[in-house]
Every structure is written in C-alpha cells, then in structure tokens.
Amino acid sequence: MICIPEGFAHGFQTLENDVELLYLHTEKYSPDNEGRLSVFDPSIGVKWPLDITVISDIDKKTKYIDNDFRGVVL
C-alpha cells in the first residue's frame, strides 16, 4: 500500500503481468481537475526500470515542462 498526499504528482510502472491497481481518492473523480506531467520529460528525470511499452493516449500527448512552468494547476 502506498499513501500519496493530495496534490502530489505520481506515476507507476508494473514490473509483472496481471497487476491490479486500486485508487482511493479524497474527492469524486473529475477529469476537468486533472493535472499532468510527461513521463518522458527529461527535466523530471524519471528512470523507469523497464522500457515504456503501454501508455495511454492522453499521457502520450502530455507536453514537457517549459520555462513558464509554475506547477500543475488543479
């Protein structure tokens, strides 16, 4: 179990097949209030253990952080 503080950016990569992930939220899910960071953004520097082979279309389209970045606005 992992507890992620509200508003804290997070991502995950499964290392085995047949993995289930269950999210519990503090509020009802609202896609209009979602913020995103690109998993490929070199300025974040995530070192994924495995090559990324499956990723959602919306995550593929997420832009990199630029010099005007002031945080993810929710």
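Asp18 counts as exposed in this predicted model, with a relative accessibility of 80%. This aspartate is found in the segment before H1. Its backbone is worth a look as well: phi of Asp18 is near 60°, a positive value in a residue other than glycine. Most residues other than glycine have a negative phi.

Turning to the chain as a whole, the secondary structure comes to 1 helix and 0 strands. That helix, H1, covers residues 57–60. The C-alpha trace spans about 40 × 30 × 20 Å along its principal axes. Buried residues make up 4% of the 74 residues in the chain. The accessible surface comes to about 7,400 Å², and carbon and sulfur atoms hold 54% of that area. Among contacts with a separation of 6 or more, 60% come from residues 24 or more positions apart.

Asp41 gives a helpful view of how the segment before H1, where this residue lies, meets other parts of the chain. Is Asp41 buried or exposed? Asp41 is buried, yet this side chain has no salt bridge. The nearest side chain of opposite charge belongs to Lys47, and the distance to it is 11 Å. Because a salt bridge requires the charged atoms to be within 4 Å, Lys47 at 11 Å does not qualify as a partner for Asp41. A polar atom of the Asp41 side chain does, however, lie 2.6 Å from the backbone nitrogen of Ile65. Leaving aside neighbours within four places in sequence, Asp41 is in contact with Tyr64 and Ile65.

Ile65 also leads to the next feature, a nonpolar patch on the surface. Together with Leu37, Ile44, Val46 and Phe69, Ile65 makes a patch of about 340 Å². Ile44, one of these residues, is found in the segment before helix H1. With a relative accessible area of 34%, Ile44 is partly exposed. Why can Ile44 belong to the patch? Patch residues need over 30% relative accessible area and no salt bridge, so the 34% of Ile44 satisfies the area requirement.

Phe69, another member of the patch, can also be placed relative to Gly35. These two residues are 34 positions apart in sequence, while their C-alpha atoms are 12 Å apart in space. Gly35 lies in the segment before H1. Its relative accessibility is 33%, so Gly35 counts as partly exposed.

Definitions and conventions
Residues numbered from 1 in each chain as written. Predicted model: local features only at pLDDT ≥ 70, side-chain atom pairs only at ≥ 80, totals over all residues. Heavy atoms only, no water. Patch = residues over 30% accessible without salt bridge, like charges linked within 9 Å, V, L, I, M, F, W, Y side chains within 5 Å. Areas by Shrake-Rupley, 256 points an atom, 1.4 Å probe, with all protein chains shown as cover. Helix = DSSP H or I, 4+ residues; strand = E, 2+ residues; numbered from the N terminus. Buried < 20%, exposed > 50% of the residue type's maximum accessible area, 1.4 Å probe, protein only. Lys, Arg positive; Asp, Glu negative; His and termini not counted. Polar contact = N/O pair within 3.5 Å; in protein donor to acceptor, adjacent residues only side chain to side chain. Contact = heavy atoms within 4.5 Å.
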